[in-house]
Amino acid sequence: MIVATGCAVTDATESTQVTPSADTAPAYCREMEPTLADLVDGMLVPGAVVLVRSPDLGDCFLSFGTRSLDEQQPIGLDDQFRIASNTKTMTGTVILQLVQEGKLRLDDPVSMYRDDVPNGENITIEQLLSMRSGLADFSFLPEFAQSMDETPDRVWTPDEILALSFGQPPAFPPGEGFLYSNANTVLLGLIIEDLTDGSLEDAFEARIFGSLGLDRTLLAPPTMSTIPEQHARGYLFGSVAEFVAGGDVLSPEQVAEARAGTLVPNDVTDINPSSGWAAAAGISTTDELARYVKALVGGDLLSEEMQQLRLDSVRPIDPDNPDSPAYGLAIVKYGQLYGHTGEVPGYNSFMGYDPERDITVIAWANMISGPDGRLTGAVLSQAVIDELYPAP
């Protein structure tokens, strides 16, 4: 099922074949639709969405597959989904707002706010934001993944999450490498709560969502395992533990069964998001995430000086490859687009905004990876970027 829109929406069909786009859809939208449909089918994704907003090219909204395996309804522009690590940009934004307000400094050691962080006297706030603290990640520990399978409704506290990280040796001395660690952002979330004397959910609502008029975007509180409003269900072949162990690739026999419909992915929508909290517990919609990332990159949430500092902070993740994605103060640059990605069992997403061309790209799917291990939202977003920014 594919719904494609320019200014109008086509009728949804039950076919997995490409439905002709509305006559009003921009040419690039019609041209990339078959490629995206093939990718969705090839990755056995239940449902996926692509949104491009561009004053020059025209807007494009494509919805593939269905909201869930139990109902034949396409994913809509306003359906909620878990945005996962896109949440990190929100935590980072509040931290930078607090820097503007003089409540902390980027070069403050984290030991000023937490006395239990290994080597905390040598780790700065800036290094937490830029993933250069050296603190180990907890996300791929077998016992952590097993807990998500066995007790998906478990409410994790930030201290429990951090204890898993602090129990591992640091990856490198602070500032001497790059390691994408959710522990960095969880620490920043705790610092926000200390400095604002309130919950992180309230800080997000007051400082970001409310000011941007985002009514269906929220940070899920720790006790909320479900997605509160109309939403797309999230799926995963196998278990979380198998995914973490590298078992995200189905055998040829299993792929054949999946294509035949005799092997179906597991519904993992309601795994409690406290397991990611400040790093990954956000919920939004396609429309509101597009509005958010434009504001994030366009400078609507920070002072002009702080915004420029943030955009200038990005450095290639791979120092030997200047064309690799570049990570900065809780923001990533992919080519000409600034934004982030999000990955949790059940969902994979990308958000990006090009301030030079005023182009917004959102791509996400309600399954984290395909049978060959490809991350679904990343694959779809790359196909869109290739269309919008063709190689010379």
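The following exchange examines how several features of this predicted model earn their labels.

User: Why is the link between C29 and C60 called a disulfide?

Analyst: The two sulfur atoms lie 2.1 Å apart, and a disulfide requires cysteine sulfur atoms within 2.5 Å, so the pair of C29 and C60 qualifies. The structure holds one disulfide. The angle about the S-S bond is 60°, and the link is right-handed. It connects distant parts of the chain, with C29 in helix α1 and C60 in strand β3 (residues 60-65), 31 residues apart.

User: What makes C29 and C60 count as buried or exposed?

Analyst: The relative accessible area of C29 is 0%, and that of C60 is 1%. Buried means under 20%, so both cysteines are buried.

User: How many aromatic pairs are there, and why is the pair of F81 and W364 called stacked?

Analyst: The count comes to seven aromatic pairs. In the pair of F81 and W364, the ring centres are 3.9 Å apart and the planes differ by 10°. Pairing requires centres within 6.5 Å, and planes under 30 degrees apart count as stacked; both conditions are therefore met by F81 and W364. The pair links distant parts of the chain: F81 belongs to strand β4 (residues 80-84) and W364 to strand β14 (residues 359-365), 283 residues apart. F81 has a relative accessible area of 0% and is buried; W364, also at 0%, is buried.

User: Why is the pair of Y180 and Y327 called edge-to-face?

Analyst: The angle between the planes is 75°, with 6.1 Å from centre to centre. Because an angle over 60 degrees counts as edge-to-face and the centres need only lie within 6.5 Å, the label applies to Y180 and Y327. Y180 lies in the loop between α5 and α6 and Y327 in strand β10 (residues 326-327), so the pair ties together parts that are 147 residues apart in sequence.

User: What are the burial classes of Y180 and Y327?

Analyst: Y180 has a relative accessible area of 28%. Since partly exposed covers the range between 20% and 50%, Y180 is partly exposed. Y327, at 2%, is buried.

User: How do you know that R154 sits over W156 and R357 over Y389?

Analyst: R154 lies over the face of W156, 3.6 Å from the ring centre. The charged end of R357 is 4.7 Å from the centre of the Y389 ring. The distance limit is 6 Å, so both values satisfy it. W156 also belongs to a cluster, linked by ring pairs, with F138 and F144.

User: What makes α6 largely enclosed?

Analyst: Of the 15 residues of α6, 11 are buried, so the helix is largely enclosed by the rest of the structure. Among the buried residues are N182, L187 and I192. Their cover includes α2 (87-100), α3 (125-129), α5 (158-166) and α7 (200-212). Helix α6 (residues 182-196) reaches 21 Å between its end C-alpha atoms, close to the 21 Å expected. Just after α6, D197 takes a positive phi of about 55°.

User: How does the span of α12 compare with the expected value, and what do its buried residues pack against?

Analyst: Helix α12 (residues 376-388) has 13 residues and reaches 19 Å, close to the 18 Å expected at 1.5 Å a residue. Its buried residues include V379, L380 and L388. The buried residues of α12 pack against α1 (27-42), β2 (47-53), β12 (337-344), β13 (347-354) and β14.

Terms used:
Residues are numbered from 1 along each chain as its sequence is written. This is a predicted model: local features need pLDDT of at least 70, side-chain atom pairs count only at pLDDT 80 or more; totals for chains, interfaces and linings use all residues. Side-chain values use heavy atoms; hydrogens and water are left out. Helices (H or I, at least four residues) and strands (E, at least two) are DSSP runs, numbered from the N terminus. The expected span of a helix is 1.5 Å times one less than its number of residues. Buried means under 20% relative accessible area, exposed over 50%, partly exposed in between (1.4 Å probe, protein chains only). Contact means heavy atoms within 4.5 Å. Rings of Phe, Tyr and Trp (its six-membered ring) pair if their centres lie within 6.5 Å; planes under 30 degrees apart count as stacked, over 60 as edge-to-face and the rest as tilted. A charge sits over a ring if NZ of Lys or CZ of Arg is within 6 Å of the ring centre and within 35 degrees of the ring normal.
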